[in-house]
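Reader: I'd like a close look at one side-chain contact in this model, and then at how the parts around it fit together. Could you walk me through it in one go?

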Amino acid sequence: QAGSHDVLGIPKCRVHHPSINDAVEALQREMLDLGVSGYNEFTGIGHVRYVQMMVERHSKRVQLTLVWNADTFRLASPTAQLLVKKLKLYPLFHSIWLNFRTGPGNVIFNRKEQAWHLAHGPPYVLETILPKSSNLTFPIAPNMFRQGNIEQFESMLAAVEPFIPPKSRVCELYA
């Protein structure tokens, strides 16, 4: 909702990858079943502050990250533990990460290494970028930057590639 942090559902969003829509449905169903609540920024009460989902394109499976309103996995349990137990039964989920963040503010992730907990699955999704000259595969964890529209990024690479001399090294810089 404009001007707020209120989340409004967009069931079967046509902009999202279909796996994201399926993962959102599964997450909502299991959160409701367990009574897992969304975080209220005014009261400071609630379990889940943010949700990030990333699709591994070749497998169509989702790397799920739940930003939990607790300092540690122990303090987030048993609720977090029960939710993960239910979600990992869905083959749709590649991996499930928890990030622990408390306190006010708009910062999404707690960047401290000890704030990250891999609850299920491999630590990285593997993403292959397909310029004509090579197949580049990158491991991507939830705390790493990835282009939001990877297909458009590939189109950009294809447009730039003819201007790069052979055997050159290229570094993408973003701000």
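Author: Start with the salt bridge where the side chains of Lys86 and Asp33 meet, at 2.1 Å from N to O. Bear in mind that this is a predicted model. Lys86 sits in helix H3 and Asp33 in helix H1, so the pair ties together parts that are 53 residues apart in sequence. How do the two ends fare for accessibility, buried or exposed? Asp33 is exposed, at 53% relative accessible area, while Lys86 counts as partly exposed at 24%.

Now step along to Leu87. Leaving out residues up to four places away in sequence, Leu87 touches Ala26, Leu27, Glu30, Leu64, Phe93 and Ile96. Leu87 is also among the residues with the most contacts inside the largest nonpolar core, a set of 25 residues; Leu27, Leu64 and Phe93 are on that list too. At least two core residues come from each of helix H1 (18-34), strand E1 (48-56), strand E2 (61-68), helix H3 (79-87) and strand E3 (93-100). H1 gives the largest share, five residues. As a rule, nonpolar side chains in soluble globular proteins tend to be buried together.

Back to the charges: there are seven salt bridges in the count. Another one involving H1 joins Lys12 to Asp22, with the closest N and O atoms 3.3 Å apart. Lys12 lies in the segment before H1 and Asp22 in the helix, so this pair links parts 10 residues apart in sequence. Both ends are partly exposed, Lys12 at 48% and Asp22 at 35%.

Then there's Arg57, whose salt bridge with Glu154 has its closest N and O atoms 3.0 Å apart. Because Arg57 is in the loop between E1 and E2 and Glu154 is in helix H4, that contact ties together parts 97 residues apart in sequence. Glu154 is buried, with a relative accessible area of 15%. The pair belongs to a network of salt bridges that links Arg57, Glu127, Glu151 and Glu154.

If you're curious about what follows H4 (150-160), Val170 is in the segment after that helix. Val170 counts as exposed at 61% relative accessibility. Together with Met156, Val160 and Ile164, Val170 forms a nonpolar surface patch with about 330 Å² of accessible area.

One last stop is the aromatics: Trp97, Phe109 and Trp116 make up one cluster. Phe109 is buried at 10% relative accessible area, and Trp116 is buried at 13%.

Note on methods. Residues numbered from 1 in each chain as written. Predicted model: local features only at pLDDT ≥ 70, side-chain atom pairs only at ≥ 80, totals over all residues. Heavy atoms only, no water. Core = buried A, V, L, I, M, F, W, Y, C linked by side-chain atoms within 4.5 Å. Buried < 20%, exposed > 50% of the residue type's maximum accessible area, 1.4 Å probe, protein only. Helix = DSSP H or I, 4+ residues; strand = E, 2+ residues; numbered from the N terminus. Contact = heavy atoms within 4.5 Å. Patch = residues over 30% accessible without salt bridge, like charges linked within 9 Å, V, L, I, M, F, W, Y side chains within 5 Å. Areas by Shrake-Rupley, 256 points an atom, 1.4 Å probe, with all protein chains shown as cover. Salt bridge = Lys/Arg side-chain N within 4 Å of Asp/Glu carboxyl O. Phe/Tyr/Trp six-rings, centres within 6.5 Å; stacked < 30°, edge-to-face > 60°.
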